[in-house]
Amino acid sequence: MPLPTFNLIGPGRLGRTLARLWHDAGLLAVARLVGRDAHGIAAARDFIGAGSPATLDALEPADFTLIATPDDALAATAAALAAGGAVRPGDVVFHCSGALPSEALAPVRAAGGLVASVHPLKSFADPARAIADFAGTRCGCEGDAAALARLAPLFDAIGAQRFALDPAGKTLYHAAAVLACNDLVALMDAALRCMAAAGVPRETAWPALRPLIDGTLANLDRLAPAEALTGPVARGDAATVARQLAATTVLDPAVGEAYRALGALALRLAAPTLPEGRADAVAQALGAAP
């Protein structure tokens with residue numbers, strides 16, 4: 001029995017990772033790859049081990065089509081796909097955006113297709129690494145029930161752990177992922193810059209900070225955030241907070257502002273358990289309301 005066919009529109013890091021996983025597992029026949037340039041398509045083809053180049057206006061239908069374009073091109077791509085006759089009744093078209101709902105694919109539904117969104121909570125910065133450790137990745141899912149039913153075994157087979165999403169809340173859902181992943185990278189860079197300014201080079205600073213980070217994450221596995229919080233805000237040490245805010249601001253006003261904003265959030269967690277007057281003192285040091 002022939003495998004279901006699969007088209008990939010936008011063969012970037014996420015798209016080529018999923019295509020490779022499904023190809024290697026013998027779940028889908030990778031048919032067409034649609035991208036912005038021939039070099040990118042060729043690189044994706046080499047990585048996946050299957051697929052041939054195509055253009056959106058001449059794309060043949062497939063049982064499954066993943067639109068993995070940037071978010072701002074997703075709706076227009078779906079409209080072009082539907083207008084070009086590349087959607088048959090019952091074909092599944094899905095995207096993996098965490099920020100946009102499956103409704104962004106409405107033109108596909110109007111053409112008779114089934115639409116869904118499956119967002120892996122994972123970094124795809126290195127596709128070769130991503131295919132090796134994809135198993136166990138949590139994936140937020142929403143869309144047409146029939147589409148999700150057909151996508152479920154594909155994601156389950158490569159080790160995904162699916163959970164349902166409310167499409168109306170996807171902006172905050174994705175903001176949570178950005179705070180936990182993308183902004184964590186920026187925060188770690190700020191920490192390393194502070195270390196460098198204190199005379200500790202990156203090659204020494206990162207191995208020193210990494211166990212602290214791992215320990216914090218382990219605490220969050222076991223404890224509520226308020227219980228896992230440590231440091232000067234948690235202790236109500238307003239003088240230390242004031243000195244650190246001043247020093248980080250001198251280093252870089254943006255780093256200082258990040259220290260202030262994160263300190264204010266930490267104070268919300270710590271305030272209920274601080275001795276009388278300590279929360280007000282920390283708030284004053286931060287220039288924030290307790």
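I take helices and strands here as DSSP runs, at least four residues for a helix and at least two for a strand, numbered from the N terminus. On that footing I find 13 helices and eight strands in the chain, and I keep in mind throughout that this is a predicted model.

**Entry 1, overall dimensions.** I looked up the extent of the chain first, and its C-alpha atoms fill a box of roughly 70 × 40 × 30 Å along the principal axes. The exposed surface comes to about 14,800 Å², with carbon and sulfur atoms supplying 60% of it, while 37% of the 290 residues count as buried. I also checked how far apart in sequence the contacting residues are: of the contacts between residues at least 6 apart, 61% join residues at least 24 apart.

**Entry 2, the sheet.** In what order do the eight strands of the open sheet come? I read the order as S3-S2-S1-S4-S5-S6-S7-S8, with mixed pairing. The edges are S3 (52–53) and S8, each of which pairs on one side only.

I then went through individual pairs. S4 (residues 64–67) and S5 (residues 92–95) run parallel and are joined by four bridges, and within this pair Thr-65 stands opposite Val-93. Further along, S6 (residues 114–120) and S7 (residues 138–143) run antiparallel with five bridges between them, and here I note Ser-117 opposite Glu-142. S7 pairs in turn with S8 (residues 161–164), in the parallel sense and over four bridges, where Cys-139 has Arg-162 as its bridge partner. The connection between these two strands passes through helix H6 (residues 145–157), and S7, H6 and S8 together make a right-handed β-α-β unit.

**Entry 3, helices on the sheet.** I followed helix H1 (residues 13–24) and found that it lies across S1 (5–9), S2 (29–34), S4, S5 and S6, running at about 165 degrees to S1. Helix H2 (residues 38–48) also packs on the sheet, where it touches S1, S2 and S3, and its direction makes about 165 degrees with that of S2.

**Entry 4, Thr-65.** Is Thr-65, which I had met in strand S4, buried or exposed? Its relative accessible area is 2%, and it therefore counts as buried, the cut-off being under 20%. Leaving aside neighbours within four places in sequence, I list its contacts as Asn-7, Ile-9, Leu-81, Val-92, Val-93 and Phe-94.

**Entry 5, nonpolar cores.** Which residues have the most contacts inside the largest nonpolar core? That core has 33 residues, and I noted Phe-6, Trp-22, Ile-48, Phe-94, Leu-151 and Phe-155 as the ones with the most contacts within it. Looking at Trp-22 in particular, and again setting aside neighbours within four places in sequence, I find it in contact with Phe-6, Leu-27, Leu-28, Phe-94, Leu-154, Phe-155 and Ile-158. Apart from this core lies another, of 15 residues, including Ile-67, Leu-81, Ala-86 and Ala-104. As a general remark, nonpolar side chains tend to be buried together in soluble globular proteins.

**Entry 6, Ala-197.** I ended with a residue of helix H7 (residues 170–197), namely Ala-197. Its relative accessibility is 55%, so I record Ala-197 as exposed, the cut-off for that class being over 50%. I also looked up the separation between Ala-197 and Arg-129, which are 68 residues apart along the chain, and their C-alpha atoms are separated by 33 Å.

Notes: Residues numbered from 1 in each chain as written. Predicted model: local features only at pLDDT ≥ 70, side-chain atom pairs only at ≥ 80, totals over all residues. Heavy atoms only, no water. Pairing = 2+ DSSP bridges. Right-handed = clockwise from strand over helix to strand, strands pointing away. Core = buried A, V, L, I, M, F, W, Y, C linked by side-chain atoms within 4.5 Å. Buried < 20%, exposed > 50% of the residue type's maximum accessible area, 1.4 Å probe, protein only. Contact = heavy atoms within 4.5 Å. Axes fitted to C-alpha atoms, helices over the stretch in contact; angles between N-to-C directions. Areas by Shrake-Rupley, 256 points an atom, 1.4 Å probe, with all protein chains shown as cover.
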